[in-house]
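Subject: Structure for you to look at

Dear colleague,

I am handing over the structure we spoke about, and I would be glad if you could open it and keep it in view while you read the rest of this message.

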Amino acid sequence: SLAHKEDLILPEGSGPRHLDISSDGRFVYVLTEMGKDLAVFDNCRESRTPVQLLKLGDSSFQMQNGGDIHLHPNGLFLYVSLRDGDDSIISFYIKPQNGTLTLKQVVRVGAHPRNFVILPGRGLLAVFSKNDAKIQFFPLDAKTGAVGSLQKEIIFPPSSNPVFGLFR
């Protein structure tokens with residue numbers, strides 16, 4: 001059963017979209033949609049405000065927003081997507097002591113990266129770009145967290161009309 005414990009505090013109007021939680025439950029990473037903020041919360045602290053709050057993206061893209069967020073299974077890297085302008089996957093190194101993030105890399109992807117998934121057994125990052133109707137596959141180095149150059153892409157026929165990685 002679920003019970004309300006307490007609220008996490010984010011900037012007003014930021015629009016929390018997705019979150020991921022470290023495997024030990026200590027750190028919570030929240031990506032906001034409208035504010036393009038990436039917040040790090042430490043569950044061991046009394047404060048419900050972020051220990052780190054990063055502004056993502058480019059302010060020249062007024063419609064740009066946060067899309068998706070995933071932790072690498074090894075717990076050392078975090079990946080987020082930005083869409084609707086300068087569409088990209090952004091990777092961060094996670095400092096194990098305090099959960100804070102250091103920017104590693106920005107990789108341009110197809111238009112409107114709706115969702116992405118880490119395929120650790122295959123060493124790949126798969127990105128579904130809604131507006132380009134394609135899935136792109138990038139090599140993913142588990143030791144460094146680096147996203148490599150585009151390895152393969154699957155383009156859906158225009159008549160398939162993919163939405164959220166599924167067909168209508």
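Below I go through a hairpin, a pocket and a pair of aromatic rings.

Please bear in mind throughout that this is a predicted model.

I would begin with strand β1, residues 16-21, which pairs with strand β2, residues 27-32, in the antiparallel sense over 5 bridges. If you would like one such contact to look for, L19 has V30 in β2 as its bridge partner. Between the two strands of this hairpin there are 5 residues, and G25 takes a positive phi near 80° there.

The largest pocket holds about 190 Å³ of space. Its lining is made up of 15 residues, and those nearest the centre of the pocket are S22, S23, D24, F27 and G75. Sorted by class, the lining has 8 nonpolar, 5 polar and 2 charged residues.

Turning to the aromatic rings, the structure holds 2 aromatic pairs. In the pair of F128 and F156, the ring centres are 6.3 Å apart and the planes stand at 70°, which is over the 60 degrees required, so this pair counts as edge-to-face. Because F128 lies in strand β10 (residues 124-129), while F156 lies in the loop between β12 (152-155) and β13 (162-163), the pair ties together parts that are 28 residues apart in sequence. Both rings belong to buried residues, since the relative accessible area is 5% for F128 and 13% for F156, and buried means under 20%.

With best wishes

Notes. Residues are numbered from 1 along each chain as its sequence is written. This is a predicted model: local features need pLDDT of at least 70, side-chain atom pairs count only at pLDDT 80 or more; totals for chains, interfaces and linings use all residues. Side-chain values use heavy atoms; hydrogens and water are left out. On a 1 Å grid over the protein atoms alone, a cavity is a set of points where a 1.4 Å probe fits but cannot get out, and a pocket is an open set with protein on both sides within 12 Å along at least five of seven lines; lining residues have an atom within 4 Å of a point. Grid points are joined across faces, edges and corners, and a volume is the space filled by probe spheres set on the points. Ala, Val, Leu, Ile, Met, Phe, Trp, Tyr, Cys and Pro count as nonpolar, Asp, Glu, Lys and Arg as charged, and the others, Gly among them, as polar. Rings of Phe, Tyr and Trp (its six-membered ring) pair if their centres lie within 6.5 Å; planes under 30 degrees apart count as stacked, over 60 as edge-to-face and the rest as tilted. Helices (H or I, at least four residues) and strands (E, at least two) are DSSP runs, numbered from the N terminus. Buried means under 20% relative accessible area, exposed over 50%, partly exposed in between (1.4 Å probe, protein chains only). Two strands pair if DSSP finds at least two bridges between them.
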